[in-house]
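Colleague: I'm new to this one, could you walk me through it?
Modeller: Gladly, here it is.
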Amino acid sequence: MNKKIGFIGLGIMGKPMSKNLLKAGYSLVVYDINTDAMNEISALGAEKAESPRDVAEKSEIIITMLPNSPHVKRAVLGPDGVIYGAKTGSVLVDMSSIAPLVSKEICEAVKEKGVIMLDAPVSGGEPKAIDGTLSIMVGGDEEAFGRVEEILKTMGSSVVLVGEIGSGNVTKLANQIIVALNISAMSEAMVLATKSGVDPEKVYKAIRGGLAGSTVLDAKAPMVLDRNFKPGFRIDLHIKDLANALDTAHEVGAPIPLTSQVMEIMQALKVDGKEKQDHSGIVQYYEKLAKVEVKK
Ligand code: NAD
C-alpha cells in the first residue's frame with residue numbers, strides 16, 4: 001500500500017484511472033506531455049514529474065496509459081525514458097492497447113535493466129474507468145502480476161492473467177474485433193429495418209432479450225437512435241486497434257477477412273471526416289449506401 005506508483009499518460013482513460021488510485025490511498029507521481037492534465041491530477045495530491053525517467057526514479061511500479069505502440073516505445077525507451085530511471089526489480093505495467101509484438105520487444109529491452117514488464121490493456125471505456133470497473137487483461141510474469149494485482153483491482157472489477165507477455169494485447173485485439181463486427185452487424189440490421197419501413201427502435205426492443213442481444217447492442221443502439229456520436233471510443237482509435245489486429249493476424253498466419261472489411265468501412269468514414277466520432281458512427285456508412293437514416 002505504501003509503494004509509490006508512477007503514472008504516465010493522463011488522457012480520457014488515464015485521468016480517471018489515476019484518480020481511482022489516489023482515492024484508494026496510493027501515492028502517485030505522474031507525467032504527461034500535456035501539462036494541464038498533469039496539473040489536474042497534481043491538484044488532487046499527485047506529485048508532478050519532469051519526464052518518464054523522473055517518474056521511474058521515484059516509483060517502483062510504473063503504469064503507462066498512452067495511445068499506441070510508438071508512444072509507449074518513446075516513453076519507455078526514448079530520450080529521458082522510463083528505462084533510464086527505473087530501479088532493478090521495478091514493475092512496468094503498460095495498460096495502453098498496443099501491438100502484442102511491441103509489448104514483447106519493450107519487455108525484452110527493459111529486462112536488461114532488471115525491470116519486469118506486464119501488458120495490461122483494458123476494456124470498458126471512460127464510464128468504467130471512472131467507476132473503477134474496467135476489464136483488465138494481463139500478460140506476463142505471474143510473480144510480478146501478484147505484486148500489482150491489488151493495484152489493478154482499484155481500477156478494474158475484472159483482472160485476469162491471460163498468459164505470457166503480449167497475451168494481454170492479443171486478448172484486447174480479440175475484444176476489439178468482436179466489438180467492431182458487432183457494431184457493423186447492428187448497423188446493417190438497423191438500416192435494413194429502417195429501409196423496410198419498420199421502426200428501428202421497436203426492432204431493437206424486440207430483439208435485445210434474444211440471441212442477438214449483446215452488451216454492444218445495448219450500449220450502441222440507443223446512441224444511434226439518438227443520433228449521438230459523441231465519443232466514447234473514437235473511430236480513429238478503433239482503426240489503430242484493427243491495424244494492430246491485421247498486422248498481428250498476418251504475422252501469426254490467422255486470416256481475419258471480416259475485420260479487414262470493417263477496417264475499410266472505418267477508413268471510408270475517416271475520409272468522410274468522421275474519425276473523431278464514436279464508433280457507433282459506423283451506421284452512417286450503411287445509411288449512405290441505403291439512403292436512409294436510422295432514428296427514433
Ligand atoms: P488519449 O488520447 O485521451 O490519452 C493519451 C494521453 O497520453 C494524452 O493525455 C497525451 O497527452 C499523452 N501522451 C501521448 N504521448 C505521450 C508521451 N510520449 N509521454 C507522456 N504522455 C503522452 O487516449 P485514451 O482514450 O486515454 O486511450 C489510451 C489507451 O487506452 C489507448 O491505447 C486506447 O486505445 C485505450 N483504450 C481507450 C478506451 C476509450 O474508451 N477511450 C477504452 C479502452 C482502451
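Modeller: Helices (H or I, at least four residues) and strands (E, at least two) are DSSP runs, numbered from the N terminus. This is a predicted model, where local features need pLDDT of at least 70 and side-chain atom pairs count only at pLDDT 80 or more, while totals for chains, interfaces and linings use all residues. Residues are numbered from 1 along each chain as its sequence is written, and side-chain values use heavy atoms, with hydrogens and water left out.

Colleague: Which helices each supply at least two residues of the shell around the ligand?
Modeller: Those are α6 (125-131) and α11 (235-252).

Colleague: And which residues come nearest to the ligand?
Modeller: Of the 24 residues around the ligand (a heavy atom within 4 Å of it), the nearest are Ile 12, Met 13, Asp 32, Pro 67 and Lys 240. A backbone N or O atom of Ile 12 is 2.9 Å from a ligand oxygen, and a polar backbone atom of Ser 97 lies 3.0 Å from an oxygen atom of the ligand.

Colleague: Switching topic, how many aromatic pairs does the structure hold?
Modeller: It holds 1 aromatic pair, in which Tyr 285 and Tyr 286 meet edge-to-face, at 5.5 Å centre to centre and 90° between the planes. Rings of Phe, Tyr and Trp (its six-membered ring) pair if their centres lie within 6.5 Å, and planes under 30 degrees apart count as stacked, over 60 as edge-to-face and the rest as tilted.

Colleague: Is Tyr 286 buried or exposed?
Modeller: Tyr 286 is buried, because its relative accessible area is 11%, and buried means under 20%, exposed over 50% and partly exposed in between (1.4 Å probe, protein chains only). Tyr 285, at 27%, is partly exposed.

Methods. A polar contact is a pair of N or O atoms within 3.5 Å; within protein, one must be able to donate a hydrogen and the other to accept it, and residues adjacent in sequence count only if both atoms are side-chain atoms.
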